[in-house]
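Trainee: I am new to this structure. Please take one close look at the ligand and its surroundings, and explain what is found there.

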Amino acid sequence: MRLHHIPVCPFCQRVEILLSLKGAPGAVDYNVIDITKPRPDFLLELTKGTSAMPVIEIPGKTAVKESMVILRMIEDMFPEPGVVRRDPHEHALESLLVAKQEAFTISGYVMVMNQDTDKTDDCRNRHLKLYREMNDILVNYAPGDTFFFDRFGWAEVIFTPMFQRFWFLEYYEGFELPQGGEFDRVRRWRAACLGDPHAQQVTFDQIVKLYYDYALGKGNGALPEGRSVSTFAFEPGWQTRPMPPRDKYGPRATDAQLGLI
Ligand SMILES: N[C@@H](CCC(=O)N[C@@H](CS)C(=O)NCC(=O)O)C(=O)O
């Protein structure tokens, strides 16, 4: 199988984490797609015209897209060790949390991309509301003390890449989960997710540097005004670049200040 992916894409990372849990990281060939360039024709044929990654090619079969769909297929292709709970009731419980993944993802991306200071509080409150709801689901339905169950599983595969992306909220928005009981369970869960050895594909500095353009309201490799290189570019590598300015509403860094040229 061939996985077409974008480095640091959280949806692609979900697939990598699941393959790692399966002990089968080599089950796919990884083909890296440069998000700052137009998609090649062969890829658009595979996706029937959409541009988002990940996409997985299976020899002799129709290619499949959408991370949640790909994850389920991999879970069924490599049943051992099971990551989705086999017991239907246990799977229903973990699914209650998974049902929040899309709203949570959207609220984090909306907050980092927001350019209107009048909307900062709304973005923050919407994100906190989701954390509160996730906390309540964990308190009421999760048998585990840190993870949902006794180990890093299905809900953890799905949410961990988002917790890592949302390091950009800490850096550019000063967003932290407030202290206090209403977030204790989700805080514990998040910390356990972030520390799991199967989910170490990205680092804080990498995310903060690559997502600077998102903090200026430009996603998916789009260029902010006056700039000629996206922070999502492969070259120069993120390791050689300085940390971007934290104040997304302050003066905007140039290509040179970002170490891009
Ligand atoms: N719902 C999709 C979302 C995938 C997605 O948005 N991928 C982003 C990278 S993080 C992407 O490929 N963006 C480029 C584009 O849409 O052209 C999934 O879960 O796979």
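Mentor: A definition is needed at the outset: Ala, Val, Leu, Ile, Met, Phe, Trp, Tyr, Cys and Pro count as nonpolar, Asp, Glu, Lys and Arg as charged, and the others, Gly among them, as polar. The model under discussion is a predicted one. By these classes, the shell around the ligand comprises eight nonpolar, three polar and two charged residues. The ligand is thus surrounded by 13 residues, of which the closest are Ser51, Met53, Glu66, Ser67 and Asn220.

Three of these closest residues may be considered in turn. Ser51 places a polar side-chain atom 2.6 Å from an oxygen atom of the ligand. Met53 also approaches a ligand oxygen atom, but with a backbone N or O atom, at 2.7 Å. Asn220 faces a nitrogen atom of the ligand, and an N or O atom in the Asn220 side chain lies 2.9 Å from that nitrogen. Taken on its own, the ligand has 520 Å² of accessible area, and the protein covers 79% of this. The space that the ligand takes up is the largest pocket.

The strands of the model complete the account. Four of them form an open sheet with mixed pairing, in the order E2-E1-E3-E4. Strands E2 (29–32) and E4 (64–65) each have a single partner strand and stand at the edges, so one side of each lacks a neighbour in the sheet. E4 pairs with strand E3 (residues 55–57) in the antiparallel sense, over two bridges. In this pairing, Val55 stands opposite Lys65 of E4.

Conventions
Residues are numbered from 1 along each chain as its sequence is written. This is a predicted model: local features need pLDDT of at least 70, side-chain atom pairs count only at pLDDT 80 or more; totals for chains, interfaces and linings use all residues. Side-chain values use heavy atoms; hydrogens and water are left out. A residue is near a molecule or strand if one of its heavy atoms lies within 4 Å of it. A polar contact is a pair of N or O atoms within 3.5 Å; within protein, one must be able to donate a hydrogen and the other to accept it, and residues adjacent in sequence count only if both atoms are side-chain atoms. Accessible areas come from the Shrake-Rupley method with a 1.4 Å probe; for residues, only the protein chains shown count as cover. On a 1 Å grid over the protein atoms alone, a cavity is a set of points where a 1.4 Å probe fits but cannot get out, and a pocket is an open set with protein on both sides within 12 Å along at least five of seven lines; lining residues have an atom within 4 Å of a point. A molecule sits in a cavity or pocket if more than half of its atoms lie within 2 Å of its grid points. Two strands pair if DSSP finds at least two bridges between them. Helices (H or I, at least four residues) and strands (E, at least two) are DSSP runs, numbered from the N terminus.
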